[in-house]
Amino acid sequence: MATGNLGCVVVAVDGSEESMNALRWALQNLSLRPAGGDPAAAGEAQGEPGTFVVLHVQSPLSIAAGLNPGSIPFGGPSHVQVPAFAAAIEAHQRRITEAIMDHALKICAEKNANVKTQVVVGDPKEMICDVTSNLHADLLVMGCRAYGPIKRMFLGSVSNFCINHVSCPVVVIKGTS
């Protein structure tokens, strides 16, 4: 598909099969700038080859901490958070992120691609757009779950938001379910 002049391609992964299919698609169909390519295209150092950036966005801990098991029994204050609960959720999120990135890197290893990884914390819609902009990406690739209109109304569409808010082209690999 692409001509080989791409300096930075961001591929957003969230652990879903759709996002991993988007990563596979990018690795199979996109040609990055070879070493010694045109550095002016993406502001890269002379001779640096293009790179795939595998991006994962973790939900902020504050969202998960809102699931606090409740007030301390027997008259304790209801606004106090249990530190062990927050630490357990943080550790769980870290394990999930590691599993997602390990899976993505195994896919990348099969293609022997020049890959960097980045993990950020925040709202996926905003963070994908911010990272794509900060990296001066030439292309954003992402999967799209086949949500129906009701789910999409309540959950929103990350891919639709990104299409309308990033300054580079976006390729959305739609799910088949």
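This section describes the central sheet, the helices packed on it, the nonpolar cores and selected residues of a predicted model.

The model contains an open sheet of five strands. The strand order is 3-2-1-4-5, and the pairing is parallel. Strand 3 (115-121) and strand 5 (170-174) form the edges. Each has a single partner strand, so one side of each is left without a neighbour in the sheet. On average, neighbouring strands of this sheet are turned by 20 degrees against each other, direction ignored.

Strand 4 (residues 139-144) pairs with strand 5 in the parallel sense over five bridges. Within this pairing, Gly 143 has Ile 173 of strand 5 as its bridge partner. Leu 140 stands opposite Val 170 in strand 5. Strand 4 also pairs with strand 1, again in the parallel sense, over four bridges. Here Val 11 has Val 141 of strand 4 as its bridge partner.

Strand 4 is mostly covered, with six of its six residues buried. In a regular strand, side chains alternate between the two faces of the sheet. In strand 4, Leu 139, Val 141 and Gly 143 point one way. Leu 140, Met 142 and Cys 144 point the other way. Residues of both sets are buried.

Two helices that contact strand 4 were examined. Helix 1 (residues 17-29) lies across strand 1 (8-12), strand 2 (51-58), strand 4 and strand 5. Helix 1 runs at about 140 degrees to strand 4. Helix 6 (residues 158-165) also packs on the sheet, where it touches strand 4 and strand 5. The direction of helix 6 makes about 160 degrees with that of strand 4.

In soluble globular proteins, nonpolar side chains tend to be buried together. The largest nonpolar core of this model has 22 residues. Val 9, Val 11, Val 13, Leu 23, Leu 30, Phe 52 and Val 141 touch the most other members. Strand 1, helix 1, strand 2, helix 3 (83-111), strand 4 and strand 5 each give two or more residues to this core. Phe 52 illustrates the packing. Leaving out residues up to four places away in sequence, Phe 52 touches Val 9, Val 11, Ala 26, Leu 27, Leu 30 and Leu 32. Under that exclusion, Phe 52 also touches Ala 113, Asn 114, Val 115 and Lys 116. A second, separate core has 17 residues. Among them are Val 10, Val 53, Val 131 and Leu 140.

A polar contact links strand 2 to helix 3. His 56 is found in strand 2, and Thr 97 is in helix 3. The two side chains make a polar contact at 3.5 Å. Both residues lie under the 20% cut-off for burial. His 56 therefore counts as buried at 5% relative accessibility, and Thr 97 is buried with a relative accessible area of 8%. Beyond its neighbours within four places in sequence, His 56 is in contact with Val 13, Asp 14, Thr 97, Ile 100, Met 101, Gln 118, Val 119 and Val 120. With residues up to four places away in sequence not counted, Thr 97 touches His 56, Gln 58 and Val 119. Thr 97 and Gln 58 are 39 residues apart in sequence. Their C-alpha atoms are 7.3 Å apart in space.

Helix 4 (residues 124-134) has Lys 125, Met 127, Ile 128, Cys 129, Val 131 and Thr 132 as its buried residues. Val 131 is also a member of the second core.

Backbone angles were considered last. Most residues other than glycine have a negative phi. Two residues with a positive phi stand in loops. Asn 112 has a positive phi of about 50 degrees although it is not a glycine. Asn 112 is found in the loop between helix 3 and strand 3. With a relative accessible area of 72%, Asn 112 is exposed. His 136 likewise has a positive phi, about 55 degrees, and is not a glycine. His 136 follows helix 4, in the loop between helix 4 and strand 4. His 136 counts as exposed at 56% relative accessibility.

Conventions:
Residues are numbered from 1 along each chain as its sequence is written. This is a predicted model: local features need pLDDT of at least 70, side-chain atom pairs count only at pLDDT 80 or more; totals for chains, interfaces and linings use all residues. Side-chain values use heavy atoms; hydrogens and water are left out. Two strands pair if DSSP finds at least two bridges between them. Axes are lines fitted to C-alpha atoms, for helices over the stretch in contact, and angles run from 0 to 180 degrees between N-to-C directions. Contact means heavy atoms within 4.5 Å. A nonpolar core is a set of buried Ala, Val, Leu, Ile, Met, Phe, Trp, Tyr and Cys residues joined through side-chain atoms within 4.5 Å. Buried means under 20% relative accessible area, exposed over 50%, partly exposed in between (1.4 Å probe, protein chains only). A polar contact is a pair of N or O atoms within 3.5 Å; within protein, one must be able to donate a hydrogen and the other to accept it, and residues adjacent in sequence count only if both atoms are side-chain atoms.
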